[in-house]
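User: I am new to this structure and would like to understand what stands behind the words used to describe it. Could you take me through them with care?

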Amino acid sequence: MTARRQITDPVSIEDIGNIALICIDNPPVNATGQAVRTGLQQAIETLNAEARAKVIAIYAAGRTFVAGADIREFGKPPAPPALPDVFNVIEDSRIPVIAVMHGTALGGGLELGLACHARVGLAGLKVGLPEINLGLLPGAGGTQRVPRLAGIPMALDMALSGRQVGAEEALAKGLIDRLVNGDPRDVALAAAQDVLAGTLPTRRTCDLATPRDDKALDDTAAMLVKTQAHMFSPHKIVEAVRASYLPREQGLAIERQAFIDSMNTTQRSGMIHAFFGERAVSNIPEAKGPVRAVDIVGVIGGGTMGSGIATACLLAGLSVRLIEVKDDALARGVATITKNLDGAVSRGKLAGDARDATLARLHPSTDMGTLADADLVIEAVFEDMAVKKDIFGKLDAICKPGAILASNTSYLDINLIADCTSRPGDVLGLHFFSPAHVMRLLEIVRGAATLPDVLATGFALAKRLGKVGVLAQVCDGFIGNRILAHYSRCAAYLVLDGASPQQVDSALESFGFAMGPHKVGDLAGLDIGWMTRKRKAADRDPAERYAGDVADRICEQGWFGRKTGKGYYLYDGGATLPNPDADAIITQVRADHGITPRAFTDQDIVDRYMTAMISEAARVVADGTARRPLDVDMVFLFGYGFPRHRGGPLHYADTIGAQALVARITAYAKDDPQYWQVPPILARMAETGGTFADLNKDA
Ligand code: 3H9
């Protein structure tokens, strides 16, 4: 005899004799929002008050067990009951409670399981504590119960890496007690019967003692001081895990305080903005609707970019036709792709035994005719409009009807390229970032004639490649490189006016960038910017203060950065050292321009650089090149090494406020009114008290 009782909307109890099955059904990922928390607490309390059921099993409906706390509630006033309290009610239940977990049991989801008295995993289960990726730490007992079950090193590893742990490893480490196949409800019933039969033992996790490992705690704390000094929650994780030596209530109190402190940081709000932004960029009408089938991709150009794009496509299971003009260039392209795939094997991104089959899907050729059956062709040759026009004319003649023709250009006009075909509706920009098989950003550039299904296919491809597709409109540099071109000038002005490249780099690295702009320039090759400056020389506003003198003179020496062993820095073996010859050039350029160098603090440097970035980013939003501020933010997080915990340039801008930004620009403009202009959109925000976050909501 079974009967189902609805406790709250997402939580119900099914009574089956002396077994009670609690089902959580809160799509899409069964997050523990308030109705789930209330439902769980009431269900356990009701069943204990009735004292009829002899065992309780919790499982979830849909594609996954609980994927964590409801992130949408973070930053809002707390809505009781609190998750740790609910889990204590479960742990303290006189009736044994077991969890049956499938899919991904993450954060609060795993913590729910750990508060139960036994855990059964279904095949394919992944467990994890990903809170660190949100600027947080496990806040519902994870730092207390994982060490009790799996030891301190495992708890530190999981909470500090946020990695997903496979079911077999979870079983071996004692995080789950059993691993079986089956449907969650059926397994819940069977496991509950095993508890009654005495074949599935139960116990309270809090009754176990954390095995002592002070060394692991001390070593990790010391390592974090060196590597993550600027981050808040990692240090709190160690503190909270250390508290798992204490009795449950004391340990949980320390974890709770650390969680609340982390919640109150801008790092948390930046990282949660990144979580939702990553999903929101493709949650737009242009990314939805019918798509064209893509199985065979043509890639034209076997240089670094083309090889990276080909690698990304191969790793996603696509067949690739790689085209180069000459045999030796083709062979180099194939060698690069092979090396990339070997790298993917060593990084664990590709199974070793799948490497040959993956490579077998690559068909290199010097004959463009082999693209006749391609569903999508991505042109990745050097940035020359005449060459691109020639290629697209040929593609138009070769490719089958309905094939999508894409250019990987980083700034050229997609409309001019499309116009050399008889099918401009099938043309779009797919702008990858180097290394293309690693960097997650893909700018999807809509030409004037690009058809809706072509655009939607671009987004589907991004998803298939595991990339974050961001819609951009045509302009010089699209979203990212247009903004980069603007704030790069600011870095150059700082050096002209008195800062050293090393100081600029180290100030911005302290802000959170993985590398300062001069190191990035040296890595990418200073010749790239040199070429761009020459290309744009004729269009330069005569009132503009030229920023390229230092870089030009460095390039004139044949110093292009890392690849030539010399640039802003000297590359000596593995070491990166200041380059006295570059410093001499800087001194000379200052003298030539009659500049008396002045001192900048690191804060001045960060403020100017970020204000320049925000100014152009604001213009990019105002003129519609980017749909919303969050699209700009995701471009920078996934393509330009912007620190994730700052959320992106425009999320960061809101932490400063429009009025303060306008005041800064106005002050800087006293020296250079041509460069420092208040974007009208920012001026309006300053007047009305508006924010970029408001524009994200409105769009
Ligand atoms: C935590 O648990 C704190 C506790 O320790 C303590 C608390 C006191 N909440 O990613 P998808 C939405 S912190 C709300 O596209 P997938 C997501 O926005 C939490 N919403 O699917 C999307 O919505 P939309 C720790 C969430 O199959 C939809 O679900 N947990 C949440 O590629 C589908 O998501 C995590 O950090 C959430 N927790 O991947 C896990 N999760 O359709 C975060 C997802 O409107 N989640 N949504 O765009 C994930 O890693 C992935 O979503 C998951 C599924 C792997 C579960």
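User: Which residue follows α26, and what is the sign of its phi?

Analyst: The residue that comes after α26 is G657, and its phi is positive, near 100°. Please keep in mind throughout that this is a predicted model.

User: Which residues of helix α26 are called buried?

Analyst: Within helix α26, which covers residues 649-656, the buried ones are P649, L650, H651, Y652 and A653. That word is used for a relative accessible area under 20%.

User: Why is Y571 called buried?

Analyst: Y571 has a relative accessible area of 15%, and the word buried asks for a value under 20%, so Y571, at 15%, is buried. Y571 is found in strand β19, which spans residues 569-572. As for its place relative to N48, the two residues are 523 residues apart in sequence and 69 Å apart in space, taken from C-alpha to C-alpha.

User: What makes the pairing of E111 with the ligand a polar contact?

Analyst: A polar contact is a pair of N or O atoms within 3.5 Å, and a polar side-chain atom of E111 lies 2.7 Å from an oxygen atom of the ligand, so this pair meets the cut-off. For R279, a polar side-chain atom lies 2.8 Å from an oxygen atom of the ligand, whereas for G139 the atom is a backbone N or O, lying 3.0 Å from a ligand oxygen. Taken alone, the ligand exposes 1,000 Å², of which the protein buries 74%.

User: Which elements give two or more residues to the shell around the ligand?

Analyst: They are β6 (104-106), α3 (108-115) and α11 (266-280), and the largest share, 3 residues, comes from α11. In total 26 residues surround the ligand, with R63, A69, E111, E131 and R279 being the closest. By residue type, the shell divides into 16 nonpolar, 5 polar and 5 charged residues.

User: How many residues does the largest nonpolar core have, and which of them have the most contacts inside it?

Analyst: The largest nonpolar core has 100 residues, and those with the most contacts inside it are L395 and V632. Helix α24, residues 602-622, gives the most to this core, with 11 residues. The core draws at least three residues from each of domain 2 (291-478) and domain 3 (481-698).

Technical notes:
Residues numbered from 1 in each chain as written. Predicted model: local features only at pLDDT ≥ 70, side-chain atom pairs only at ≥ 80, totals over all residues. Heavy atoms only, no water. Near = heavy atom within 4 Å. Polar contact = N/O pair within 3.5 Å; in protein donor to acceptor, adjacent residues only side chain to side chain. Areas by Shrake-Rupley, 256 points an atom, 1.4 Å probe, with all protein chains shown as cover. Helix = DSSP H or I, 4+ residues; strand = E, 2+ residues; numbered from the N terminus. Nonpolar A, V, L, I, M, F, W, Y, C, P; charged D, E, K, R; others polar. Core = buried A, V, L, I, M, F, W, Y, C linked by side-chain atoms within 4.5 Å. Buried < 20%, exposed > 50% of the residue type's maximum accessible area, 1.4 Å probe, protein only. Domains from an automatic or database assignment.
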